[in-house]
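Here are my notes on the model you sent over. I've gone point by point, so dip in wherever you like.

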Amino acid sequence: MHNVWLIAKREYLERIRTKAFLFFTILFPLLMGGGIVVEAVTSAHARSTSHIAVVSHDQQLATDLQAELENGKDSRMTVDVISPPGTETRSILDGELANKSLDGYLWITPATQSNARPSFAYTPRSAGDISTKGAIGSALRTVLVRERLSHQGMVASDVNSLMQPVEVDTTQAGKNADTTSTFIAIYVLFFLMYFVIMLYGMNVARSIIEEKTSRVFEVLLATIKPEEMMAGKMLGVGSVGLTQVFIWLIAAILLTSTSLVSSIAGGDVHVSLSAMQIVFFVVFFVLGFMLYASIAAALGAMTNSEQELQQLNMFLVMPLACCFFALGIIVTNPNSVLSTILSLIPFMTPLIMYLRLSLTAVPVWQIALSIGLMLVTIYGILWVASRIYRVGILMYGKKPTLPEILRWLKYS
């Protein structure tokens, strides 16, 4: 155990002292903070400011639409009303589009006997101006509903009261946490776990390849058992990953609790995590890292270069990629039979079971079974990986074939 600790300490200190570790540890919170600020600013201030014309034979409809587009919650447009249109109106507006004095025009055709409601045609100057088109559609729905209610005999004050937006409180029962913020936090932790397991699992393999290339192993193996060396590498590299994740989580909590971000976003941005979510994040992160790091150690022992490793990293990527494909199923119905089965597959358990635990109440027996299956799988993979590692770290010059790997397992 002393040798394992020494190797783990060496791996840990070597990595946290590198410029790359410091760079990414600092860069990630900065990017995360910048993304939060940009998202908050754009969501709070992103309104269409286009200059358009509304052409209609119905003066009242055009005027109501003008008021909605110029003073609505989603737009601050400049709207010209042309009512009624003349024979040259369309050609004049096309000319204004050509010389860029107008961003678009909305042509409203009156209702006819065959068509009970007016038809609308919007001609933009730029086909990519999606926000203006969306704002016009939203304003038209509001104006038409208000007009229909007025025709039904409702007074203006009742119509305005009815058209006010409805606010829904999404606070969870018995908690002060907003479910939207909680869901965002769950997604952040999910992707954080994915990338850290992927990154540091591959770092174990790369570390083995580097030391194989420099023949350092031949000196170390004189005093240290191969199993101790592999365990030390996994423990050291995994601790680096946990350290980085811990720093990022603290940075996220501090960042989103500052008055600056709250004032920019209207007080709606904050990290909402329960103690249960944090504990299970650590548990499944450690289990997931041990699982994938042991596979990576075996891959590193079997290969002699980064190029060879890239050809085999599909064994790490594919199970994690399957978790991404299953995201929609889990989020939509975390208690379905398929979601339960996926969360009990050891290679998918760290991500899928953690996501289910964060979204809903999972039966205790399922949690215990998933952890038990993972421990059994980790033991089996470590048993295989340690035997491949024991022989593979001293193999140079050629790629091992499947029969050779099977002989390694038999001989060791």
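1. A cut-off to start with: a residue is called buried when its relative accessible area is under 20%. Ser 56 comes out at 2% relative accessibility, so it counts as buried. Keep in mind throughout that this is a predicted model.

2. Staying with Ser 56: this residue sits in strand 1, which covers residues 51-56. What does Ser 56 touch, once residues up to four places away in sequence are set aside? The list is Ala 62, Ile 82, Ser 83, Pro 84, Pro 85 and Ile 108.

3. Two of those partners of Ser 56, Ser 83 and Pro 84, deserve a look of their own. The peptide bond running from Ser 83 to Pro 84 is cis, and its omega is near -5°. Pro 84 belongs to the loop that links strand 2 (78-82) with helix 4 (89-98).

4. On the far side of helix 4, have a look at Lys 100, in the loop between helix 4 and strand 3 (104-109). Its phi is near 65°, a positive value in a residue that isn't glycine. Is Lys 100 buried or exposed? Lys 100 has a relative accessible area of 63%, so it is exposed.

5. Now the overall picture. The protein chain contains 18 helices and four strands. Of its 412 residues, 40% are buried. Taking the contacts with a separation of 6 or more, 71% are between residues 24 or more positions apart.

6. Helix 5 (residues 130-151) has 22 residues, which should span 32 Å at 1.5 Å a residue, and its end C-alpha atoms are indeed 32 Å apart. Its buried residues include Thr 132, Ala 135, Ile 136, Ala 139, Leu 140 and Val 143. As a general reminder, an α-helix has 3.6 residues a turn, so residues three or four places apart point the same way.

7. Next, the largest nonpolar core, which has 59 residues. Which members touch the most others? Met 193 and Val 204 do. Helices supplying at least two residues each include helix 7 (179-214), helix 9 (226-256), helix 11, helix 13 and helix 17 (364-392). Helix 11 gives the most, with 15 residues. There is also a second, separate core of 16 residues, with Leu 65, Leu 69, Leu 140 and Val 143 among them. Leu 140 and Val 143 are also on the buried list for helix 5.

8. Zooming in on Val 204: leaving out neighbours within four places in sequence, this residue is in contact with Val 237, Phe 289, Ala 293, Ala 296 and Ala 297.

9. Helix 11 (residues 275-302) also packs with helix 13 (residues 314-325): their axes come within 10 Å and cross at roughly 155°. That crossing angle makes helix 11 roughly antiparallel to helix 13. Helix 11 brings Tyr 292, Ile 295, Ala 296 and Leu 299 to the contact, while helix 13 brings Phe 315, Leu 316, Pro 319 and Leu 320. By type, these residues are eight nonpolar, no polar and no charged. Ala 296 turns up here as well as among the contacts of Val 204.

10. A little more on helix 13. Its 12 residues reach 16 Å from first C-alpha to last, close to the 16 Å expected at 1.5 Å a residue. Leu 316, Pro 319, Leu 320, Ala 321 and Cys 323 are buried in this helix.

11. Set against that, try helix 15 and helix 16, whose axes come within 7 Å and cross at roughly 135°. These two helices are therefore oblique to each other. The contact uses Ser 339, Thr 340, Leu 342, Ser 343 and Leu 344 from helix 15, with Thr 349, Ile 352, Met 353 and Arg 356 from helix 16. The residue types here are four nonpolar, four polar and one charged.

12. Last stop: Ile 367, in helix 17. Its relative accessible area is 12%, so Ile 367 is buried. Apart from residues up to four places away in sequence, Ile 367 touches Phe 280, Leu 357 and Val 362. The C-alpha atoms of Ile 367 and Thr 349 are separated by 9.6 Å, with the two residues 18 apart along the chain.

Notes. Residues numbered from 1 in each chain as written. Predicted model: local features only at pLDDT ≥ 70, side-chain atom pairs only at ≥ 80, totals over all residues. Heavy atoms only, no water. Axes fitted to C-alpha atoms, helices over the stretch in contact; angles between N-to-C directions. Parallel < 35°, antiparallel > 145°, perpendicular 65-115°, else oblique. Contact = heavy atoms within 4.5 Å. Nonpolar A, V, L, I, M, F, W, Y, C, P; charged D, E, K, R; others polar. Expected span 1.5 Å × (residues − 1). Buried < 20%, exposed > 50% of the residue type's maximum accessible area, 1.4 Å probe, protein only. Core = buried A, V, L, I, M, F, W, Y, C linked by side-chain atoms within 4.5 Å.
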